[in-house]
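Please walk me through the enclosed spaces in the interior of this protein, and through the residues that surround them.

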Amino acid sequence: MSLNVLMVAAEAAPLAKSGGLGDMVSASSAALRQRGADVSILMPGYECAFDRARAATPLGYIRDLPGGDARLWRAAMPDSDVPVLLLQMDHLYAGRGSGLYQDATGREYIDNFARFVSLSAAAARIATGVRGVVRPRVVHAHDWHAGLTPLFMKLAGASAKSVFTIHNLAFQGNYPTALAPYAGIPSGLLNASPDDAQSIEFYETLSFMKAAIVYADRVTTVSERYAREILTPRFGNRMEGVLAAHTGKLSGIINGIDDDTWNPADDPALAQPYGIDDLAGKHACKKALQQSYGLHVDPFAPLVAIGSRLTEQKLADVVCEALPAALARWPRVQFAILGQGDARIENALRRLAREWPGRLGVHIGYDEDRAHRLHAGADILLHGSRFEPCGLTQLYAMRYGTIPVASRVGGLADTIDDCPASEDGTHTTRANGFLFTGEHASDVFHALGRALGAFAQPTLWRALQRNAMKRDSSWRVPVARYLDLYRSLTQGQIAPASQVARVSGNAVARKTNPARQRRAQAEVRRSA
Ligand code: ADP
Ligand code: GLC
């Protein structure tokens, strides 16, 4: 019997994506299905998700979620066979413009609490059984938006096991404790005493992230190094103490990438395809990138890409500061920048583009095809980060033969092998990029200098490119680790005779059985 897993997330590409979370949820689900697991995804029924999904069919209603009644739809991804359950609550998810979490001015939607409490509550309902949906044995929730799922499952007495993956600990979903009754969270779970192991109170707030860490059966992060880093005050975002109390269930599993979507040999966005043994296509892509960014067309100019959210996480403020010195110091170097984020950083980059015509080009916005062309056309990817749980961008760049220059943190340090100073490309090493320590403009500048030094040595550069392009960033290994994790949780469990729960009437699921709910709540309190 195949293992049934329900992923719960606020994003799944291409239906909805604001960053790597959306890529990871969809790509890991597809890869798990290829290995025989019966995976589906539950996500909010945003308008963009309904627009992009295939064959959406209504399943029924889930009544009385904290945010009201929801209609549940089953649909398919446009580019894979992963089934998607769309939670339609138009007052919460539709009519919001393009931002998944924020309006056009960057302000968080005022009802995000209701939006994501409802998502987690719906997941817990499905875990206890709704008509037409196979009851999952594992519910795998991602990031704070789905963070209340494990707690709601326990309160509802669900027998399914829960896994929670931290993609970014900086976003925790901390809300006023006064909102607890709205979410159906018993006040006994908001005890401020640090000795209360069941409490989800966190610095006088109700914390989705803490709830997930406390109540999930297993907690993972998206790289091994980040799993260690978040136990320290520098990276723990004040959650290090909570995590330290749960290290027994914490582990790191590095992300893979969808190597069909990100494949230079077969990428419809590119001017010309290419592969590891024939880089002619990459040269054509470089020329096209220079043209599209208004840069001098020069095949020998080192072309540096920056492609990310323009935020402090990505060190974008510091990179901006380093750019004028780099442009002045290396007269041939060029920069092509794609991103959006902090208005201050966006404006600083626009200013630099005006000051350095032909040398620095900027595209402010979110553009998936352009991101593919950026990774294909560039020689170097400059990827600073104050912290990086995994980072997919450097993996995409490496697959496209673009050498990363990145901060020595989290998943960047786990996936990039730093090129030693003595390396000249004549012996086989694993080097595939450059790592730097520090958060100052001078750190970025020096690291870039090392990469440009290597770029000037064709034998070395070719070796770095080969190593980067050969790196196995597929989901093969990570998926095996997730499967082991799921199996370790479900081993010995007796599968219910019928996996499909039956409930009467038109409703997909009614409110959780009150007696069972009371019993489960008492159990949670007793084990405190
Ligand atoms: P994070 O999720 O922290 O932003 P990742 O490197 O894991 O970082 O994932 C970022 C994802 O978002 C990648 O798929 C990257 O190509 C994409 N991305 C980021 N900014 C843009 C943009 N402006 N246009 C297109 N894609 C972008
Ligand atoms: C988050 C992290 C990023 C990671 C992505 C997917 O957005 O910031 O490092 O790659 O999630 O797991």
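**Enclosed cavities and their linings**

In this predicted model, β13 gives the most to the lining of the largest cavity, contributing 4 residues. That cavity is one of 2 in the model that reach 30 Å³ or more, and its volume comes to about 100 Å³. A total of 13 residues line the largest cavity, and those closest to its centre are Ile306, Ser308, Lys314, Ala316 and Val319. Seen by secondary structure, the elements that give two or more residues to this lining are the strand β13 (303-310), the helix α12 (316-329) and the strand β16 (380-383). In chemical character the lining of the largest cavity is made up of 8 nonpolar, 3 polar and 2 charged residues, with Ile306 and Lys314 both among the residues closest to the centre.

The second largest cavity, for its part, has a volume of about 40 Å³. Its lining consists of Leu270, Ala271, Cys285, Ala288, Arg373 and Ala376, and at least two of the lining residues come from each of the helices α11 (280-292) and α14 (368-377). How do the residues of this second lining divide by class? There are 5 nonpolar residues and 1 charged residue, while no polar residue takes part; because Arg counts as charged, the charged member of the lining is Arg373.

Taken together, the two descriptions place β13, α12 and β16 around the largest cavity, and α11 and α14 around the second largest.

Definitions and conventions
Residues numbered from 1 in each chain as written. Chains lettered and ligands numbered in written order. Predicted model: local features only at pLDDT ≥ 70, side-chain atom pairs only at ≥ 80, totals over all residues. Heavy atoms only, no water. 1 Å grid on protein atoms, 1.4 Å probe; cavity = no way out; pocket = protein on both sides within 12 Å on 5 of 7 lines; lining within 4 Å. Points joined across faces, edges and corners; volume = space filled by probe spheres on them.
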